[in-house]
Amino acid sequence: MDMNTENPFVQALTVSTTMAVFMIGVAFGLMSMAKSGSTAVPMAVMLLIFAIIFIAGSVFFESRGADYMGSLAGGAIVALVATFSAIAFFSGVKYAIEGGISELGWEQVISAMAVCMIASMFLIRVLQHKFSSAL
């Protein structure tokens, strides 16, 4: 069997499941941070993540034609959102490992996973349509 075969069903299921796991992880992370008031990631690591994404985002926006201030602002916004999402996800993974899933119950977690899979598939299709019509 050729592993390079493009199967749209498998691709859609893989991408939507991956996005749903990330969404659930972020939700768990937000719950964990609300309860404990802290994150699972040290401040030094948060700053390093922010710095790397800020630099990459600024270079990306500058290469797309943004002016100096626009590329810095764009890089800062992308870095803030991506850093917060990553921190929430890793805090959520820690929360789930430490018993967060059993606290909520498997049925609720599976239901949330299903809803997130549907939402991610919808988001993927909307973005595909938007980008295909923009070209």
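This report describes the fold, the surface and one buried residue of a predicted protein model.

Local features are given only at pLDDT of at least 70 and side-chain atom pairs only at pLDDT 80 or more, while totals for chains, interfaces and linings use all residues. Residues are numbered from 1 along each chain as its sequence is written, and side-chain values use heavy atoms, with hydrogens and water left out.

The protein chain holds 4 helices and 0 strands, in the order α-α-α-α from the N terminus. Helices (H or I, at least four residues) and strands (E, at least two) are DSSP runs, numbered from the N terminus. The chain is more spread out than a compact globule, because its radius of gyration is well over the value of the globule rule for 135 residues. That radius is taken over C-alpha atoms, and the rule is 2.2 Å times the number of residues to the power 0.38.

| Property of the protein chain | Value |
|---|---|
| Radius of gyration | 18 Å |
| Globule rule for 135 residues | 14 Å |
| C-alpha box along the principal axes | roughly 50 × 45 × 30 Å |

Of the 135 residues, 25% are buried (under 20% relative accessible area, 1.4 Å probe, protein chains only). Contacts (heavy atoms within 4.5 Å) with a separation of 6 or more come to 81% from residues 24 or more positions apart.

Serine 91 lies in helix H3, residues 68-104. This serine 91 counts as buried, at 1% relative accessibility. Beyond its neighbours within four places in sequence, serine 91 is in contact with Gly29, Ser32, Met33, Thr39 and Ala40.

Note on methods: Buried means under 20% relative accessible area, exposed over 50%, partly exposed in between (1.4 Å probe, protein chains only).
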